[in-house]
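Please explain how this structure is put together, from single residues to the interior and the spaces in it. Running paragraphs would suit me best.

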Amino acid sequence: MNHPAELTRFRDTDTAGQGTGGPLPWPAGQVTLGQARGERSLTALFRAALADVSTPEPPPVPAGGRLTWTTGTFTPEPPFWPDGDIGRLAVCATVNALAAQGARPLALSLTAVVEAGLSLERLRALSASVRESLAEAEVPLGGFDLGVVRTGEADQLYLTATGTGLLPAAPTTAPARPGDRLWLTGPLGNHGTHLLATRHQLGYEQLIHARLRPLTGLFTRLHQGHPEALRGIRPVSTGGLAATLTALAEETGLSPAVDPDLLPLAPDTRLAMSALGLEPWTTASEPTHLVVAAPDPALEATLGRHTPEGAATLIGTLREPPAGTPPERLVLLCPAGQPPEALVLPTAPPPARQN
């Protein structure tokens, strides 16, 4: 991998304890507390490494434009895995959150918290991943900051990302109605299962692919091309599909009726979930999103042609809830040819962090 030249000035023989007047506290090639400050700090070097994907000033906002923003903190364990890393996760999730609202992403800012003792090679890889992801999303970096904490005060590396976007003047979605369809843009469980398999070195991570992608193109086509049919786009991230469907039911007062036999779950993912004690309903599924839309051939053709994972999967519809249905039983299981049954979705946190 070719690393940004500025960041590689910290050679594997360097430490940032130099000039502090005391002994060098860490072996060569690792982050030290002293690297958080000064002209030779990691913050300064990261800013230089990301200069070509950065913007020196805020982008202009057209008259009448509406700004929106989203902020997320990313703490995956581990922060680096075969199909990606925490940098790509932070960029893609933030850009996708803006685009899912119908906003055009304008800029991102990132804040990193690095644990002393992390290898400089990992930080080089992080800078390259952030640059690649921002370039792919065609979104500039508005700012970057980095702090170093003592060993044991962070799990290697945490990132906080804030994205700013521009909303169109007119809404690009309509209120949800009974009969609206529920689509998944990709498979369930790949991301969370891939991370946990990597952590435990089970080997499934070599079979389960969880490549994160910016989805601005797909979401822009849905919002701009089908505003009368589109009801909303929601990520299937922390808490999995259970949390996404439950939030949809609570906000709309309608019952998502889902056929469990239609859930897109790869055989290798299902096998790994069984070994790890995971449930398809609660496992993080970045970058898969739930699309709620009225029956519309043109919109469905867009979902069939433009999703990165291939055609989107229809998993159910929205219905009026049965009379007297308590809030925790709004989601319905509707296997083909059988009457619907109320489902209390599992909402307990997964056994280990997946985001």
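In which strand does serine 255 have its place? Serine 255 belongs to strand β9, which covers residues 255-258. The model is a predicted one, and everything below is to be read with that in mind. The relative accessible area of serine 255 is 0%, which puts the residue in the buried class because that class takes in values under 20%. Leaving aside residues up to four places away in sequence, serine 255 is in contact with Thr317, Leu318, Arg319, Pro321, Pro322, Leu330 and Leu332.

From a single buried residue we can turn to groups of them. In soluble globular proteins, nonpolar side chains tend to be buried together. Here the largest nonpolar core contains 37 residues. Val31, Val114, Leu123, Leu126, Phe144, Leu146 and Leu157 are the members with the most contacts inside this core. At least two core residues come from each of the helices α1 (42-49), α2 (86-100) and α3 (120-137), and the strands β2 (80-81), β4 (104-115), β5 (141-149) and β6 (157-167) each supply at least two as well. The element that gives the most to this core is α2, with seven residues. Another core lies apart from it and has 23 residues, including Leu184, Ala242, Leu248 and Leu278.

Helix α7 shows how burial can be arranged along one element. The helix spans residues 267-276, and its buried residues are Thr269, Ala272, Met273 and Leu276. Viewed down the axis of α7, these residues fall within an arc of 105°, so they line one face of the helix. The spacing fits a general rule: an α-helix has 3.6 residues a turn, so residues three or four places apart point the same way. On the face of α7 turned away from the buried side are the exposed residues Pro267, Ser274 and Ala275. The cover over the buried residues of α7 includes helix α4 (190-200). After α7 comes glycine 277, which has a positive phi near 75°.

The backbone deserves a look of its own. Most residues other than glycine have a negative phi, and most peptide bonds are trans. Where does this model depart from that pattern? The peptide bond from glutamate 77 to proline 78 is cis, with omega near 0°, and proline 78 sits in the loop between β1 and β2. A cis bond also joins glutamate 286 to proline 287, again with omega near 0°. Proline 287 is part of the loop between α7 and β10 (289-293).

Two glutamines have a positive phi. Glutamine 156, in the loop between β5 and β6, has a phi of about 70° although it is not a glycine. With a relative accessible area of 25%, glutamine 156 is partly exposed. Glutamine 201 has a positive phi of about 50° and lies in the loop between α4 and α5. At 68% relative accessibility, glutamine 201 counts as exposed, because the exposed class holds values over 50%.

What remains is the empty space. Three cavities of 30 Å³ or more are counted, and the largest cavity holds about 50 Å³. Its lining consists of Thr185, Gly186, Pro187, Leu215, Pro287, Thr288, Pro308 and Glu309. Proline 287, on the far side of a cis bond from glutamate 286, is thus one of the residues that line the largest cavity. By class, that lining has four nonpolar, three polar and one charged residues.

The largest pocket has a volume of about 620 Å³. It is lined by 32 residues, of which Thr70, Ala93, Ala97, Ala100 and Pro235 lie nearest its centre. Two or more lining residues come from each of β1 (66-74), α2 and β8 (230-235). The lining of the largest pocket divides into twelve nonpolar, 15 polar and five charged residues.

The second largest pocket encloses about 310 Å³. Its lining has 18 residues, with Ala103, Arg104, Pro105, Thr220 and Gln224 closest to the centre. β4, α3, β6 and α5 (216-225) each give at least two residues to this lining, and α5 has the largest share, five residues. Nine residues of the lining are nonpolar, six polar and three charged.

Technical notes. Residues are numbered from 1 along each chain as its sequence is written. This is a predicted model: local features need pLDDT of at least 70, side-chain atom pairs count only at pLDDT 80 or more; totals for chains, interfaces and linings use all residues. Side-chain values use heavy atoms; hydrogens and water are left out. On a 1 Å grid over the protein atoms alone, a cavity is a set of points where a 1.4 Å probe fits but cannot get out, and a pocket is an open set with protein on both sides within 12 Å along at least five of seven lines; lining residues have an atom within 4 Å of a point. Grid points are joined across faces, edges and corners, and a volume is the space filled by probe spheres set on the points. Ala, Val, Leu, Ile, Met, Phe, Trp, Tyr, Cys and Pro count as nonpolar, Asp, Glu, Lys and Arg as charged, and the others, Gly among them, as polar. A nonpolar core is a set of buried Ala, Val, Leu, Ile, Met, Phe, Trp, Tyr and Cys residues joined through side-chain atoms within 4.5 Å. Buried means under 20% relative accessible area, exposed over 50%, partly exposed in between (1.4 Å probe, protein chains only). Helices (H or I, at least four residues) and strands (E, at least two) are DSSP runs, numbered from the N terminus. The arc is that of the directions from the helix axis to the C-beta atoms. Contact means heavy atoms within 4.5 Å.
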